[in-house]
Amino acid sequence: MSALTAPKIMHSIDFGAPAITNTVGDLTTALDVLLVKGYPTQSLTTLTYAAGVVSVAKTAHGYAVNDLLTISGANEDGYNGNQTVATVADADHFTYAVTTTPATPATGTIIGSNRPSQSITTLVSSGLTATATKTSHGYTSNQMIKISGANESAYNGNFKITVVDANNFTYVMLTDPVNTATGTITASYGQLGLGWELQFTGTNIRSYRPRQGTRMSLGVEHNTNAYNAHVRGFESMTAAGAVATAGAGPYPTDAQVSGGDWVQVTINTAGARPWALWGDDKGFYMGIEVDATANAIWNYWHFGDFDSFKPGDLYNSQIIGKAVSVTTSASDNFPTLSTASATVPMWNAAALTGHYCPRAYTAAGGSLGMGKAAENLRRGGLVMGSHNNVATMLTYPDTISGSLHVARMYVLEPGVGVRGVHRGLWDLMHNVGTMAGVADGNIFSGLTGLSGLDFELRKMGSANPSPGCVFETSDTW
């Protein structure tokens, strides 16, 4: 199995992405695709194992050597996960290597993620804007497309496109490549899944388990109403769902949050909801635009590992959600992920609602309420990117560096100290509501002191001050 070497960034505007509406079960159906399967997918005909190698038969499979794909649906889990194509015998057969010894042949309804691609005829630039030409490309504006194969690296990557006409589309690059693109250039769409294991399944209830790190399990239930879902972490699971009896070592316990943390899916709107997910084979963050009115409120939640400062920490996993449910009221639409612990010094920080870890850093006890804070937040704010005293925030762009500034988010064990740091989540050191010219989803790179890191800025509402944060999108989690 191939570990993810970079976080996956998935958006509802991706070509072939799953839809989340105000329908019961939509969240679990979407998580099946995002965490396990990838999108789009194609059925695989046969998989057999011998001497560390899986041989796959699929007519016109379309894969090439070193392509990454997500295999899912095999009853023998050793076949599943994110894999790298090792050899391609012909258009109908390929292989990949595994370290397990699954029974052969594989059984089940087995699928592989697919990234349909097409050759780009010409690719030119004007400043940061690239224009691609391909007869009858078939794309629509705002889709996420992957460009690869250009010798000039600035052209390559995942980009949101704007369609000019049936034969041309444009996108904005991070740096100016100066020259017209050369090489064998392709455009493709689709995403690998995170390669997680689907442990148990039922009607609108699931159990998911990451393949790296602590490998704690996530139980999800979206089976009561369309507005909310229950989520809960477990040290191990024996059944699908988020009820406390679905496994051992639940976090939170029912005494802490009855039924588990809540994830808000929608407040007051029908139709497809915009969403975004950032994650890898250890954890993820997910945001859903729950309110499509002028408030434009996104609710974010999180499950997975953090980087612990304690050597040998076996319980450095965390879940962040809501402590109460919401129906059609926006009274509790504040996005939990953006909140921070107020108590200074940080070693004495209070736990935050909805933030739980399976055990203390000593490995003693059970589910423990946790806090989080960034260095920036010690100056009087309780919300990332939106402090009550806006005067304490940096102006944007920063007067001295002309740049955007971010700060690491620390994981706090109340009354003890800083236990670790969030993977991929950073605090925005500016008030997002006053950042003129900055749009939700903008990508930033080359920040002062953070060379080689790329970030996606996310606003969490339209009010000023409005909460906001940044997610790391580069291969640096």
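## Notebook: cavity, pocket, sheets and a salt bridge

I began with the largest cavity, and I noted that Asp14, Arg115, Met144, Ile145, Lys146, Asn158, Tyr189, Gly190 and Gln191 form its lining. I keep in mind throughout that this is a predicted model.

**Entry 1, the cavities.** I looked up how many cavities of 30 Å³ or more the structure holds, and I found two. For the largest cavity I wrote down a space of about 50 Å³. I then sorted the lining of this largest cavity by residue type, and it divides into three nonpolar, three polar and three charged residues. When I asked which element gives the largest share of that lining, I arrived at strand 12, residues 144-150, with three residues.

**Entry 2, the second largest pocket.** I turned next to the second largest pocket, for which I recorded a volume of about 280 Å³. Its lining is made up of 18 residues, and those that lie nearest its centre are Ser72, Gly73, Ala74, Asn80 and Leu198. By type, I counted six nonpolar, eight polar and four charged residues in the lining of this pocket. I wanted to know which elements supply at least two residues of the lining each, and my list reads helix 1 (26-37), strand 5 (68-74), strand 8 (108-113) and strand 17 (197-202). Strand 5 gives the largest share of the pocket lining, with four residues.

**Entry 3, the sheet that holds strand 5.** I followed strand 5 into its sheet, which is an open one of seven strands in the order 2-8-5-6-7-4-3, with antiparallel pairing. Strand 2 (41-43) and strand 3 (46-50) are at the edges and have a single partner strand each, so one side of each is left without a neighbour in the sheet. From one strand to the next, I noted that the twist in this sheet averages 35 degrees. Looking at one pairing in detail, I saw that strand 5 and strand 6 (residues 81-90) pair in the antiparallel sense over four bridges, and that Leu68 has Thr84 in strand 6 as its bridge partner. I also checked helix 1 against this sheet, and I found that helix 1 lies across strand 2, strand 5 and strand 8, running at about 120 degrees to strand 5.

**Entry 4, a sheet of four strands.** I then looked up another open sheet, this one of four strands in the order 10-11-15-14, again with antiparallel pairing. Strand 10 (122-126) and strand 14 are its edge strands, and each pairs on one side only. I wrote down an average twist of 25 degrees from one strand to the next. Strand 10 and strand 11 (residues 129-133) pair over five bridges in the antiparallel sense, and Ala130 in strand 11 is the bridge partner of Ser125. At the other pairing I examined, strand 14 (residues 162-165) and strand 15 (residues 168-172) are joined in the antiparallel sense over three bridges, with Val163 opposite Phe169 in strand 15. These two strands, 14 and 15, form a hairpin with two residues between them.

**Entry 5, salt bridges.** How many salt bridges does a search of the whole structure find? I noted eleven. I picked out the one in which the side chains of Arg359 and Glu235 meet, at 2.9 Å from N to O. Arg359 lies in the loop between strand 29 (355-357) and strand 30 (368-369), while Glu235 lies in the loop between strand 20 (228-234) and strand 21 (236-237), so this pair ties together parts that are 124 residues apart in sequence.

Note on methods:
Residues are numbered from 1 along each chain as its sequence is written. This is a predicted model: local features need pLDDT of at least 70, side-chain atom pairs count only at pLDDT 80 or more; totals for chains, interfaces and linings use all residues. Side-chain values use heavy atoms; hydrogens and water are left out. On a 1 Å grid over the protein atoms alone, a cavity is a set of points where a 1.4 Å probe fits but cannot get out, and a pocket is an open set with protein on both sides within 12 Å along at least five of seven lines; lining residues have an atom within 4 Å of a point. Grid points are joined across faces, edges and corners, and a volume is the space filled by probe spheres set on the points. Ala, Val, Leu, Ile, Met, Phe, Trp, Tyr, Cys and Pro count as nonpolar, Asp, Glu, Lys and Arg as charged, and the others, Gly among them, as polar. Two strands pair if DSSP finds at least two bridges between them. Axes are lines fitted to C-alpha atoms, for helices over the stretch in contact, and angles run from 0 to 180 degrees between N-to-C directions. Contact means heavy atoms within 4.5 Å. A salt bridge is a side-chain nitrogen of Lys or Arg within 4 Å of a carboxyl oxygen of Asp or Glu.
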